[in-house]
Amino acid sequence: MMVTSFLKKRNWSARSIIEDIARSGWSNVGVDSSLKEFFMADLCSEYDSINLYNLLYSRRQEFSPYFVQYLDFWYADEKNHADGFFELSRLVFGMSELSLLQALQPRTADFSGMHDILSDEFRLLLKFAYDEYISVKTYKKDTFYEGLGHPGFRYWIKNLIADEAVHFGNAIKLLRRDHSGRMHECEAVLNMISNFEGESYKNTFLFDHDGPHFSLSGEEVGQVIVQDILQILHKGSV
Ligand SMILES: [Fe+2]
Ligand SMILES: [Fe+2]
């Protein structure tokens, strides 16, 4: 009998989906090289998970085993997402992974000012819930990659969306399971989190909402998201 874990984890390979597209003979006929920056923004959004993961890695002692597992599952997925964008940049623009890494690695994350929202597991879970919920929404709205003309792109984005939804769902599960005594604090903490909207992105993985490829407007983030999450938290299932 297969034992399913409490936290959900999907297993798939972004690299192999993009490799299949490459093998099918697809070639870039319409993506202008001026869009390199646009692709780079998407790669950074996923790649920067390493900065948040490393920041939280040093604090594992203070976290519950499930939250540690949450972080490991989450990071494995985000890394897979970043890998897909590496492959995509190679496929579309012929950019080597090495040149992309050379562009990515000198960037540093600035978490200053975020201390309050990163201060404990409860707040971190709300932060993940907020951020991942927005990831689902922006990827759902985005049809750019589907438009590249191969069904594999749509399949790839569908997998990304499903993962971001799992990250959201797992955070909600842990909030309900381990932090039910603090439900009355959720609204204030979520408001504190949403107040970061509008600030410029500092390579932290969080609030990367000012880049060239973020598809939600100012009215679609912040309070509406806070209210959606509160509603989901307070009803029975995700
Ligand atoms: Fe992601
Ligand atoms: Fe995610």
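**Overall fold.** I counted the secondary structure first and got 9 helices and 0 strands. The model I am reading is a predicted one. Read along the sequence, I noted the pattern α-α-α-α-α-α-α-α-α. I then looked up the radius of gyration: it is 18 Å, close to the 18 Å that the globule rule gives for 238 residues, so the protein is as compact as a globular protein of that length. Along the principal axes, the C-alpha atoms fill a box of roughly 55 × 50 × 35 Å.

**Contacts and burial.** I took the contacts with a separation of 6 or more and found that 84% of them join residues 24 or more positions apart. Of the 238 residues, 33% are buried.

**Helix H6.** I checked the length of H6, which runs over residues 121–141. At 1.5 Å a residue, its 21 residues should span 30 Å, and the end C-alpha atoms are 30 Å apart, so the two values agree. I also asked how much of H6 is covered: 16 of its 21 residues are buried, so I recorded the helix as mostly covered, taking 20 or more other C-beta atoms within 10 Å as the cut-off for a buried residue.

**Largest nonpolar core.** Which residues touch the most other members of the largest nonpolar core? I found Leu126, Ala129 and Tyr130, in a core of 32 residues. The elements that give two or more residues to this core are H4 (65–93), H6, H7 (151–178), H8 (186–194) and H9 (223–234). H6 supplies the largest share, with 8 residues. In soluble globular proteins, nonpolar side chains tend to be buried together.

I followed Leu126 further. Leaving out residues up to four places away in sequence, Leu126 touches Leu175, Cys186, Val189, Leu190 and Ile193.

**Second core.** I found a second core, separate from the one above, with 18 residues. Among them are Leu43, Cys44, Leu88 and Trp156.

**Loop between H8 and H9.** I looked for positive phi values outside glycine and stopped at two phenylalanines. Phe205 has a phi near 80 degrees and sits in the loop between H8 and H9. Is Phe205 buried or exposed? I counted 23 other C-beta atoms within 10 Å, so Phe205 is buried.

Phe207 is found in the loop between H8 and H9, and its phi is near 55 degrees, again a positive value in a residue other than glycine. For Phe207 the count is 21 other C-beta atoms within 10 Å, so I entered Phe207 as buried.

Terms used
Residues are numbered from 1 along each chain as its sequence is written. Chains are lettered from A and ligands numbered from 1 in the order in which they are written. This is a predicted model: local features need pLDDT of at least 70, side-chain atom pairs count only at pLDDT 80 or more; totals for chains, interfaces and linings use all residues. Helices (H or I, at least four residues) and strands (E, at least two) are DSSP runs, numbered from the N terminus. The expected span of a helix is 1.5 Å times one less than its number of residues. A residue is buried if 20 or more other C-beta atoms lie within 10 Å of its own, exposed if 12 or fewer, and partly exposed in between; C-beta atoms are placed from the backbone. A nonpolar core is a set of buried Ala, Val, Leu, Ile, Met, Phe, Trp, Tyr and Cys residues joined through C-beta atoms within 7 Å. Two residues are in contact if their C-beta atoms, placed from the backbone, lie within 7 Å. The radius of gyration is taken over C-alpha atoms; the globule rule is 2.2 Å times the number of residues to the power 0.38.
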